[in-house]
Amino acid sequence: MEGVVVLGGSSGYHLAYRVSKLMRAELGEIDVKTFPDGETYIRILSNVENKTVVYINSLQRNPNDKIIETLYTLDTLRDLGASKIIAVIPYMAYARQDERFNPGEAVSIHILAKLFKTIDVDEIYTIDMHLHRISDPTKLFGAKFHNLTGVRELAKYVKQNHEIENTIVIGPDEEAEQWAKIMAEELGGIDYSILEKKRVSAEEVIIQTRDIDVKDKNIVIVDDIISTGGTIVESVKALRRLGAKEIIVTCVHPLLVGKAYYKLLKLDLKDIVGTDTVLSPISKVSVAPVIVEEIRKNT
Ligand code: R5P
């Protein structure tokens with residue numbers, strides 16, 4: 001694509017490379033450094049003047065640092081004369097804090113959206129962001145907002161690598177029903193159901209099974225995020241108590257904090273797969289085709 005430069009931030013190089021290849025667009029370069037005192041240094045090394053720039057960075061691992069890096073980069077791109085700025089934020093941090101759940105709390109995603117609004121970004125693309133209590137993200141972020149899904153890519157992987165017979169799709173909680181539905185459709189219209197989750201603390205959840213029949217059935221679990229792994233561990237235990245057979249775990253954003261990956265390995269699952277919105281040992285599926293398809297549709 002003529003006149004397009006794809007740039008990756010420190011958590012987006014891998015996707016920038018894949019997206020630039022698929023778009024047949026120039027892959028540009030940014031120098032991102034951290035000074036000894038912790039401040040962030042950004043230098044755009046490619047010519048972006050009068051060009052459409054696709055900038056990709058996930059706000060994960062050190063989300064606060066990544067936010068500063070992303071906002072400084074986007075503002076600099078505008079300053080350097082980019083004609084159109086498409087910000088691709090495959091993993092949007094703070095999306096789960098979309099309400100004041102307890103008195104006095106910051107509604108973090110609203111504040112982050114305000115920060116994006118101050119920068120003149122043309123479009124924002126993200127993947128499976130928690131939008132449960134945000135009805136109009138375009139208004140909130142001040143830029144045309146595209147919330148895409150990585151679940152179809154996960155389903156393609158499952159279909160290519162496993163037999164789908166006697167299988168039911170399970171979402172670990174009510175919010176995961178949307179992803180369970182897509183996964184079930186993509187796997188040929190098989191059944192899906194959800195569990196009930198009560199969060200006790202950031203690391204601890206209680207999973208209850210509703211009236212579901214999984215005895216001697218194979219399971220594909222799908223969730224948006226695996227963070228500490230608590231949700232998946234408790235879901236797998238609950239499903240096994242009900243007599244489930246082989247279990248495949250899929251998720252879009254494998255944050256895998258702390259010992260999460262070890263916890264997953266110990267479950268002896270048939271397979272564990274996530275996408276590359278966040279690079280991890282289970283990132284076997286790329287969301288690059290989803291991003292490119294949507295950008296093409298809109299440009
Ligand atoms: C929460 O609502 C999300 O959909 C995930 O289920 C959650 O973030 C997973 O977190 P963890 O792996 O720490 O249980």
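## Helix 6 and its surroundings

In this predicted model, helix 6 covers residues 177-186, and its buried residues are Trp 179, Ala 180, Ile 182, Met 183 and Ala 184. These buried residues pack against one helix, helix 5, and against several strands: strand 9, strand 10 (192-194), strand 13 (218-226) and strand 14 (247-254). Just after helix 6 comes Gly 188, which takes a positive phi of about 100°.

## Helix 2 and its surroundings

Helix 2 runs over residues 63-79, a total of 17 residues. At 1.5 Å a residue, a helix with this number of residues should span 24 Å; the C-alpha atoms at the ends of helix 2 are 24 Å apart, so the expected and modelled spans agree.

The buried residues of helix 2 include the aliphatic residues Ile 67, Leu 71, Leu 74 and Leu 77. Lys 66, Glu 69, Thr 70 and Thr 73 are also buried. The cover over the buried residues of helix 2 includes strand 1 (4-8), strand 3 (30-34), strand 4 (40-44), strand 5 (52-56) and strand 6 (84-89). Helix 3 (108-118) is also part of that cover. After helix 2 comes Gly 81, with a positive phi near 95°.

## Positive phi outside glycine

Two residues that are not glycine also have positive phi. Arg 24 has a phi of about 50°, and Asn 166 has a phi of about 55°.

Arg 24 is placed in the loop between helix 1 (13-23) and strand 2 (26-27). Its relative accessibility is 74%, and because a residue over 50% is classed as exposed, Arg 24 counts as exposed. Asn 166 is placed in the loop between helix 5 (151-161) and strand 9 (167-171). With a relative accessible area of 43%, Asn 166 is partly exposed.

## A buried loop residue, Met 129

Met 129 belongs to the loop between strand 7 (123-127) and helix 4 (137-141). Its relative accessibility is 5%, and therefore Met 129 counts as buried.

Leaving aside residues up to four places away in sequence, Met 129 touches Met 92, Ala 95, Ile 109, Ile 134, Phe 141, Phe 145 and Asn 147. Among these contacts, Ile 109 is a residue of helix 3 (108-118), and Phe 141 is a residue of helix 4 (137-141). Met 129 and Tyr 91 are separated by 38 residues in sequence, whereas their C-alpha atoms are 7.2 Å apart in space.

## The protein as a whole

The protein has 9 helices and 16 strands. Its radius of gyration is 20 Å, close to the 19 Å that the globule rule gives for 299 residues, so the protein is as compact as a globular protein of that length. Along the principal axes, the C-alpha atoms fill a box of roughly 60 × 45 × 35 Å.

Of the 299 residues, 54% count as buried. Among contacts between residues at least 6 apart in sequence, 64% join residues at least 24 apart.

## Surface and charge

The protein exposes about 14200 Å², and carbon and sulfur atoms supply 46% of that area. There are 38 positive and 44 negative side chains in the protein. The centres of these two sets of charges lie 2 Å apart.

Terms used:
Residues numbered from 1 in each chain as written. Predicted model: local features only at pLDDT ≥ 70, side-chain atom pairs only at ≥ 80, totals over all residues. Heavy atoms only, no water. Helix = DSSP H or I, 4+ residues; strand = E, 2+ residues; numbered from the N terminus. Expected span 1.5 Å × (residues − 1). Buried < 20%, exposed > 50% of the residue type's maximum accessible area, 1.4 Å probe, protein only. Contact = heavy atoms within 4.5 Å. Rg over C-alpha atoms; globule rule 2.2 N^0.38 Å. Areas by Shrake-Rupley, 256 points an atom, 1.4 Å probe, with all protein chains shown as cover. Lys, Arg positive; Asp, Glu negative; His and termini not counted. Charge placed at Lys NZ, Arg CZ, Asp CG, Glu CD.
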